[in-house]
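Let's take a walk through this protein together, from its overall build to its individual contacts. Keep the model open beside you as you read.

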Amino acid sequence: MQVVEDNVRIQREDSLEYYKIICSFPYQNHPIFYENDSVRKAYIKLLHHYAKKDVHYQKYYKPIITLYEHCFNIEEEEICKEQTSQSSLKLAKEIRKTRWKLEKAKLYVYNYKYMFFAHYLLLIYGYVSMDHPCVLDVTYKHNLKINYKDAETIVRFVNALKAGDFEAAKSYLNLKKFHYLRFYYDAYKKQVEFLKDVEKRYLIVGTMSSGKSTFLNSLIGQEIFPSQNEACTSKVFTYAHRPYIKHFIVQHDQSEFFDCLIDGVESTMNDLNENPLIEHVYVEGKMSDIFQVESRVVFIDTPGTNNSMNRSHEDITFKAIQSEQYDAIFYLINATQLGTDDDRRLLSYVKEHIENNSDKQVVFIVNKADEIDEEANESLQGLLESTKTYLKQNGFEKPSIILLSAYVGNLCQKVLKGEDLTRREQNQFDFFYDYFAEETQDLTKYATIPCAFQPEVPNDQREVKIKNKTYDIKRIYTVLQQSGIYQIKNYM
């Protein structure tokens, strides 16, 4: 009985991960994306009409439809509208219709029936045989006019993809009429091979308001995690970098379901954070493009340990230090609150844990270094020396230290993307635009390891305008670098 239950669990987990891969395809590059409205609608509506009969698709169709709705500009209600035999046949005729286009003095003849059939098979979890109802349903009953030999080739192509046999899958792409199937080949192969890479995992810890969530937001390049001044994160958030997607895949605890989020991400994260029944939230999305990371990286954000209103936050973080799988700890320290009792307690717990796990590195990130008041005789060098002394007193003899302003990193990225700033943000950015452009304020000079990463400044744009003010792109990248944000690349 236990073996049967384990097999069911494994199949459930495998199907969940499989549909996450399907939801990671770059549908904005799909040939249908560039078609007219009637073709796009026919394709997506018929796809759902056929696929909804499959038990696995029924379970995961919601996030898939969310992506189709966004990428192909079709309302969910229209996609899910019940089709009659006559209306589905009409849609099939639109898809199988022969089309022509002239490119570079060459005439191309094509249709979408083979691409549609492969897409449909990919929405069916697991191996598909030629006598599978889904094959018979599409090729014969509703008359896509795909002959047996072509249908067999596409079935073999899709099965090879699902099995990870990319050499075999590629061999089926030689015929010109199967040219569009390369989209699925490239998309699926890229996802599977990425997921085979070794994963590097980083645990983020710190006391309340050390800026952990702001730091994580700066790595993502978008403010999706709650980062107000009061204690924010109330549970563990795990963020996995997926370089090829532009949305977010969200799951919580051991749920059998996931969501695809495109809009309202921050609001959803707040709701999940405030839900007392949820202990752990898992998010998949890309890191910010400024870091140029294509390897597998995972960040695990934990609650601040000094929330007097909720002492369970400390328990959650201590448990994460003990039981989460990670390669290194990013320990955030508030530059304006060095050496508090709560921080010493957390330091002591981290020290005790890594003494029994010597392979785990601890990187100390002194955040909010921009708040050092030079007019009060404070200095960045003094901050570095004080941090070294403090850490040495707490058992860390040769600590790896980074000075950082995660907030400035966030501001710069908002400006680079042309996002609107509040009046306060604009005033602060204007200050940092000058402040961090000076070599004397370069935070990377105060790190224990020199920054090895040099960002690539894009050549296609020289300036960006925010509220009638013009900023130099190259200078913004200088501010980014000197804010310390790129130093994290030394440890990835």
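A residue counts as buried when its relative accessible area is under 20%, as exposed when that value is over 50%, and as partly exposed in between. With that in hand, look at Ile224: its relative accessibility is 0%, so this residue is buried. Ile224 is not part of a helix or strand run but sits in the loop between helix H11 (212-220) and strand S4 (236-241). From Ile224 to Val236, twelve residues further along the chain, the C-alpha atoms are 14 Å apart.

Now step back for the whole view. Please bear in mind that this is a predicted model. The chain contains 18 helices and 13 strands, and its C-alpha trace spans about 80 × 65 × 40 Å along the principal axes. Of the 492 residues in the chain, 53% are buried.

A good place to enter the interior is strand S9, residues 328-334. Seven of its seven residues are buried, so S9 is largely enclosed by the rest of the structure. In a regular strand, side chains alternate between the two faces of the sheet. Here both faces are covered: Ala328, Phe330, Leu332 and Asn334 are buried on one side, and Ile329, Tyr331 and Ile333 are buried on the other.

Which strands pair with S9? Strand S3 (residues 199-206) runs parallel to S9 and is joined to it by five bridges; within this pairing, Gly206 has Leu332 as its bridge partner. Strand S10 (residues 361-367) also pairs with S9 in the parallel sense, over seven bridges, and there Ile333 is partnered with Val366. If you follow the chain from S9 through helix H14 (residues 341-355) to S10, you trace a right-handed β-α-β unit.

Helix H6 (residues 113-122) offers a helical counterpart. Ten of its ten residues are buried, so H6 is largely enclosed by the rest of the structure. The buried residues include aromatic ones such as Tyr114, Phe116, Phe117 and Tyr120, and also Lys113 and His119.

For a view of the surface, turn to the nonpolar patch of about 510 Å² made by Trp100, Leu102, Leu107 and Val109. Strands S1 (99-103) and S2 (106-110) are the elements that each give two or more residues to this patch. Leu102, which belongs to S1, has a relative accessible area of 64%, so this leucine is exposed.

Next come the charged contacts. A search of the whole structure finds 25 salt bridges. One of them joins the side chains of Arg40 and Asp37, with an N to O distance of 3.2 Å. Both residues lie in helix H2 (residues 37-51), three residues apart, about one turn of the helix. An α-helix has 3.6 residues a turn, so residues three or four places apart point the same way. Arg40 is buried at 12% relative accessibility, whereas Asp37 is partly exposed at 34%.

Another salt bridge reaches out of H2: Lys45 meets Glu78, their closest N and O atoms being 3.9 Å apart. This pair links distant parts of the chain, with Lys45 in H2 and Glu78 in helix H4 (residues 76-79), 33 residues apart. Lys45 is buried, at 15% relative accessibility, while Glu78 is partly exposed at 26%.

Lys469 and Asp430 form a further salt bridge, with 2.6 Å between the closest N and O atoms. Lys469 lies in strand S13 (residues 469-472) and Asp430 in helix H17 (residues 423-435), so the pair ties together parts that are 39 residues apart in sequence. Lys469 is partly exposed at 39% relative accessibility, and Asp430 is buried at 17%. Returning to H2, salt bridges with shared partners join Asp37, Arg40, Lys41, Lys45 and Glu78 into one network.

How many disulfides are there? The count is zero, where a disulfide would need two cysteine sulfur atoms within 2.5 Å. Cys80 shows why: the closest cysteine sulfur, in Cys23, is 14 Å from its own, too far for a bond. For Cys412 the closest cysteine sulfur is in Cys451, 15 Å away, again too far for a bond. Cys80 is partly exposed at 27% relative accessibility, whereas Cys412 is buried at 0%.

Finally, pause at two backbone details. Lys145, in the loop between helices H7 (133-141) and H8 (148-163), has a positive phi near 60 degrees although this residue is not a glycine. Ser209, also not a glycine, has a positive phi of about 65 degrees. Ser209 sits in the loop between S3 and H11 and is partly exposed at 24% relative accessibility.

How values were computed
Residues are numbered from 1 along each chain as its sequence is written. This is a predicted model: local features need pLDDT of at least 70, side-chain atom pairs count only at pLDDT 80 or more; totals for chains, interfaces and linings use all residues. Side-chain values use heavy atoms; hydrogens and water are left out. Buried means under 20% relative accessible area, exposed over 50%, partly exposed in between (1.4 Å probe, protein chains only). Helices (H or I, at least four residues) and strands (E, at least two) are DSSP runs, numbered from the N terminus. Patches are made of residues with over 30% relative accessible area and no salt bridge: like charges are joined within 9 Å, nonpolar side chains (Val, Leu, Ile, Met, Phe, Trp, Tyr) within 5 Å. Accessible areas come from the Shrake-Rupley method with a 1.4 Å probe; for residues, only the protein chains shown count as cover. A salt bridge is a side-chain nitrogen of Lys or Arg within 4 Å of a carboxyl oxygen of Asp or Glu. Two strands pair if DSSP finds at least two bridges between them. A crossover is right-handed if, with the strands pointing away from the viewer, the path from the first strand over the helix to the second runs clockwise.
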